[in-house]
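Colleague: Please take a close look at the aromatic rings in this model. Which rings pair up, and how are they placed?

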Amino acid sequence: MPMRVLFNADYPLSGDRVLLYYPPTEATLDEAVATVSHLVTAAARPTEKAHPTLAVFRMKEPAISLGRFQSAHVALNTAAGLLAPVVRRLTGGPAAWMGAGSVYLALVIPNWPLWLPAATVRGLPKLVQDMVLGALRKDGFSLSMSAADSVTKRGFEVGRMGFDVLDNTVVVELQLGMTEAVALPEEHAGYPALSEDAFPRRTRHLAELLETRELPAFPLAYATSVAEALFREKFEVRQSAFSWLERTRVEGLRPRFVEAEAAPASPAASGPELSSRPHEDYIGFVHATVTFNAQMQFNSVRIYGDFLADSPGIAELEHRLRFTEVSRRNIAQIIDEVLGAPHHVILGLKRLGSVLEALMDAASRHDRWDVMNN
């Protein structure tokens, strides 16, 4: 009688240990971000076999890279005129300058608990950052992480790295300033100047710090090092190219990530939108907008800023704050319950009180606020 072998579905078979690698290509930032968004969406389709994927792009023209949680009309100085397209990336953090020749790299890991079974959501950022930078170190380019997002060499910031966790998919975005610094030029910045208590960013581009070395080229050996850190056992790196249908999908996604106008949104139907001032925290600012209903409850809430977080956590917090009693104690409790939960993560803030202060500041601008017991 033939023996029937049953495999645990949660254990990755050797044939599943495949990293899809898209080698460096010339692209605009909106094209690169749209491509990664397509990869994330494709990974969620149950009909498609989802493999971890690494894709590298070189910018063929300058762009301003806006963090996922930033408000363009607050973070940027639109009055001065923006000399490059504004593209909203998939992960959080402050706005960055992506000059021509800059590198945008993305690592997408679907079903991350399968490959990283001992990891927690809160431990994921460091794990994936180490994968991306550790592979560069093997190629002779020693870079480090500082604060939540800052990629440094010799103490100077040369890049930014963000992350998101969408269901079971991890997304990492690395932005490297190869011949131009990633710091947003001062004339484009919309926020007030940071105080001395904030994280100091001494920014230079990578070419200034490499002496006679060539800039990183991200060859197949780099992808192999990433795969080794992820899989640890026998694996395959499969160099890939996008099909005509995939390129068509990406082309349709591109407009979603370009900020057509860095201007305030129109007032909400539920009433005027009330905005807070930017509140400084460690790596930048936090601010909020709210609207009220007739019962003087929040009808809508948006939380903005330079922090890094899993976007489902921020969406859950905004949803939980609707139709609740607007008081400092109540809002603080909801913030702690959501962002303090082990399945959510937020980085770049020294204290969650910055989120609370921004929300209360926005609420206090309502003309009936003085009759409320807060």
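Modeller: Searching the whole structure turns up nine aromatic pairs. Rings of Phe, Tyr and Trp (its six-membered ring) pair if their centres lie within 6.5 Å; planes under 30 degrees apart are stacked, over 60 edge-to-face, and the rest tilted. One pair is Tyr 22 with Phe 242: the ring centres are 4.0 Å apart and the planes are at 5 degrees, so this pair is stacked. The pair links distant parts of the chain, 220 residues apart. Tyr 22 is in strand β1 (residues 18–27), and Phe 242 is in the loop between β11 (236–239) and α7 (244–253). Helices (H or I, at least four residues) and strands (E, at least two) are DSSP runs, numbered from the N terminus.

This is a predicted model: local features need pLDDT of at least 70, side-chain atom pairs count only at pLDDT 80 or more, and totals for chains, interfaces and linings use all residues. Residues are numbered from 1 along each chain as its sequence is written, and side-chain values use heavy atoms, with hydrogens and water left out.

Are the two stacked residues buried or exposed? Tyr 22 is buried, at 8% relative accessible area. Phe 242 is also buried, at 18%. Buried means under 20% relative accessible area, exposed over 50%, and partly exposed in between (1.4 Å probe, protein chains only).

Elsewhere, Trp 115, Phe 231 and Phe 235 form one aromatic cluster. Phe 156 has charged company. The charged end of Arg 202 sits over its ring, 4.4 Å from the centre. Arg 204 lies over the face of Phe 156, 4.6 Å from the ring centre. A charge sits over a ring if NZ of Lys or CZ of Arg is within 6 Å of the ring centre and within 35 degrees of the ring normal.
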